[in-house]
Each structure stands twice: as C-alpha cells, then as structure tokens.
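Visitor: I would like to go through this model term by term, with the cut-off behind each word. Where should we begin?

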Amino acid sequence: MINEINGYKERGLFELAAKKITEYEDILTHYSLGGAETINTIEEEIRNGQIMTIQKSQCVFFDNEPEICSVNDVWIGA
C-alpha cells in the first residue's frame with residue numbers, strides 16, 4: 001500500500017495518491033508517528049542520550065572501593 005501511494009506521488013498523481021490514502025486510512029493509521037510533537041520528543045530523547053554518552057567515561061579503580069560507581073567501570077585488584 002505504502003509503495004503504491006509513494007509510486008503515485010513520484011509520478012505526480014497526487015489526487016490518486018490522496019484517494020488511496022483515504023481508502024486505506026484505517027490501516028495506515030497504525031503506521032503513523034502521531035505528528036510533529038512525537039517526532040520532536042523522539043529527537044530530543046536521542047539528543048539527551050548523546051549528551052549523556054559524551055559526559056560519561058569509564059573509570060578504572062584500584063583496591064579501595066569508591067563512594068560512587070558506574071555500570072561498566074573496571075576493577076583491578078591487587
């Protein structure tokens with residue numbers, strides 16, 4: 001369905017594409033992201049993940065246990 005609609009749009013048959021979208025509306029709603037607000041939220045969360053990743057670094061600890069530990073830190077015992 002989606003390929004069919006995209007094919008119509010690529011050939012400039014916008015009225016036919018719009019007709020097919022209306023025809024398949026009940027099925028196509030399952031593939032909708034919900035609009036700009038949802039896309040902006042996804043983009044913001046991706047950016048937050050990037051910022052957190054940049055700020056984190058892996059630490060190596062010797063002997064004494066630190067007060068704060070992070071997942072994936074490296075421990076080397078003497």
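Visitor: Which residues does Tyr-8 touch, leaving aside its neighbours within four places in sequence, and what makes a pair a contact?

Guide: A contact means heavy atoms within 4.5 Å, and by that rule Tyr-8 is in contact with Leu-13, Phe-14, Leu-16, Ala-17 and Lys-20, once its neighbours within four places are set aside. Please keep in mind that this is a predicted model, in which local features need pLDDT of at least 70 and side-chain atom pairs count only at pLDDT 80 or more, while totals for chains, interfaces and linings use all residues. Residues are numbered from 1 along each chain as its sequence is written, and side-chain values use heavy atoms, with hydrogens and water left out.

Visitor: What makes a set of residues a nonpolar core, and which residues make up the largest one?

Guide: The members must be buried Ala, Val, Leu, Ile, Met, Phe, Trp, Tyr or Cys residues, joined through side-chain atoms within 4.5 Å. Buried means under 20% relative accessible area, exposed means over 50%, and partly exposed is what lies in between, with a 1.4 Å probe and protein chains only. The largest core that results has five residues, namely Ile-5, Tyr-8, Ala-17, Tyr-24 and Leu-28.

Visitor: Why is Lys-20 called buried?

Guide: Its relative accessible area is 15%, and the limit is under 20%, so the label applies. Lys-20 is found in helix α2 and, apart from its neighbours within four places in sequence, is in contact with Glu-4, Ile-5 and Tyr-8.

Visitor: How do you know that Lys-20 and Glu-4 form a salt bridge?

Guide: The rule asks for a side-chain nitrogen of Lys or Arg within 4 Å of a carboxyl oxygen of Asp or Glu, and this pair meets at 3.8 Å, N to O. The bridge links distant parts of the chain, with Lys-20 in helix α2 (residues 14-23) and Glu-4 in helix α1, 16 residues apart. Glu-4 has 28% relative accessibility and therefore counts as partly exposed.

Visitor: What makes Glu-4, Lys-20 and Glu-23 a network?

Guide: Glu-23 also forms a salt bridge with Lys-20, the closest N and O atoms being 3.6 Å apart, and the count by this rule is two salt bridges, which link Glu-4, Lys-20 and Glu-23. Glu-23 and Lys-20 both lie in helix α2, three residues apart, about one turn of the helix. An α-helix has 3.6 residues a turn, so residues three or four places apart point the same way. At 44% relative accessible area, Glu-23 is partly exposed.

Visitor: Why are the buried residues of α1 said to line one face?

Guide: The buried residues of this helix are Ile-5, Gly-7 and Tyr-8. Seen down the axis they fall within an arc of 155°, so they line one face, the arc being that of the directions from the helix axis to the C-beta atoms. On the other side of α1, Asn-3 and Glu-10 are exposed, and the cover over its buried residues includes α2 and α3 (25-28).

Visitor: How do you know where such helices run, and how many helices and strands does the chain have?

Guide: Both are DSSP runs numbered from the N terminus, helices being H or I over at least four residues and strands being E over at least two. The chain comes to four helices and two strands, in the pattern α-α-α-α-β-β. Of its 78 residues, 12% count as buried.
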